[in-house]
Amino acid sequence: MFFNRFLALGALLSLGAAQAVVPLPDDPACTAEDRRLIARTYELARESALKGNGGHGALLYKNGKILLEFASATQSTGDVTQHAETGLLALASRTLGLEALAGATLYTSEEPCMMCMGTVRAAGLHAFVYGTTSAQSHRVGGRPVPERWLECREVYERLGYPITIRGPLMEGDGLAVIAEHHARTQAAIK
Ligand SMILES: [Zn+2]
């Protein structure tokens, strides 16, 4: 309920009209474990937003354990590559090594952008789960969605890169984080 109110407010603020952004239903392939871990990425996303960053979170999961977590940090570091997924994979490959990442699943609060999709491939990951779709997040965050927007499944399919993708999952909760962040940013401008 709390999230829904925020979502409606965010949608109103971002679109400048009473056009509601309705969260998409969960991907039925998602598991209870996916729910728990995506909820954690939303916590990381909120932490990122509260520090003035982009409001995204990601983690790596393997054999029942979280290997590493990362909250996006582009503003606080001044480094445009510090998205949740790229920051996480840069840190993971440096500290754990690529061998340790083999067979790991990436969990991310939002469907990865092009830079992050490329990094997933470079890291040799073959599975990820995302919370909100990127297009919906754009709408709530007041950013236009181009007509020929490419979704992650299509990108990997075109690349011929085998990967298991699940999502969206609990999109309403994730969009609420983005809406809240957008409302805070707008208030700071005014
Ligand atoms: Zn990204």
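Helix α2 (residues 32–50) and helix α9 (residues 171–189) have axes that come within 10 Å and cross at roughly 5°. That angle makes α2 roughly parallel to α9 (under 35 degrees counts as roughly parallel, over 145 as roughly antiparallel, 65 to 115 as roughly perpendicular, and the rest as oblique). Axes here are lines fitted to C-alpha atoms, for helices over the stretch in contact, with angles running from 0 to 180 degrees between N-to-C directions. Helices (H or I, at least four residues) and strands (E, at least two) are DSSP runs, numbered from the N terminus.

A quick note on the model before going on. It is predicted, so local features need pLDDT of at least 70 and side-chain atom pairs count only at pLDDT 80 or more, while totals for chains, interfaces and linings use all residues. Residue numbers start from 1 along each chain as its sequence is written.

Back to α2 and α9: Y42, A45, R46 and A49 in α2 meet D173, G174, V177 and H181 in α9, where contact means C-beta atoms, placed from the backbone, within 7 Å. By class, that contact splits into 4 nonpolar, 2 polar and 2 charged residues. Ala, Val, Leu, Ile, Met, Phe, Trp, Tyr, Cys and Pro count as nonpolar, Asp, Glu, Lys and Arg as charged, and the others, Gly among them, as polar.

Now for the second helix pair. The axes of α4 and α6 come within 8 Å and cross at roughly 30°, which makes α4 roughly parallel to α6. In the contact, E85, T86 and L89 of α4 meet M115, C116, T119 and V120 of α6. Its residues divide into 4 nonpolar, 2 polar and 1 charged.

Helix α6 (residues 114–122) has C116, M117, T119 and V120 as its buried residues. Buried means 20 or more other C-beta atoms within 10 Å of a residue's own, exposed means 12 or fewer, and partly exposed is in between, with C-beta atoms placed from the backbone. The buried four cover an arc of only 160° around the axis, so they sit on the same side of α6; the arc is that of the directions from the helix axis to the C-beta atoms. Turned away from that side is the face with the exposed residues M114 and A122. The cover over the buried residues includes α4 (84–95), β3 (105–110), β4 (127–132) and α8 (152–159). After α6 comes G124, whose phi is positive, near 75°.

The loops have some backbone oddities too. Two residues other than glycine with positive phi are tabulated here.

| Residue | Phi | Loop |
|---|---|---|
| N63 | near 50° | between β1 (57–62) and β2 (65–71) |
| M170 | near 50° | between β5 and α9 |

Are N63 and M170 buried or exposed? N63 counts as exposed because it has 7 C-beta neighbours inside 10 Å, whereas M170 is buried, with 22 other C-beta atoms within 10 Å.

The loop between β5 (164–166) and α9 also holds P168, and the peptide bond from G167 to P168 is cis, with omega near 5°.

P168 turns up again in the surroundings of T133. Leaving aside neighbours within four places in sequence, T133 is in contact with L24, E111, P168 and E171. T133 is found in the loop between β4 and α7 (134–140) and counts as buried, with 22 C-beta neighbours inside 10 Å.

Note on methods. Contact = placed C-beta atoms within 7 Å.
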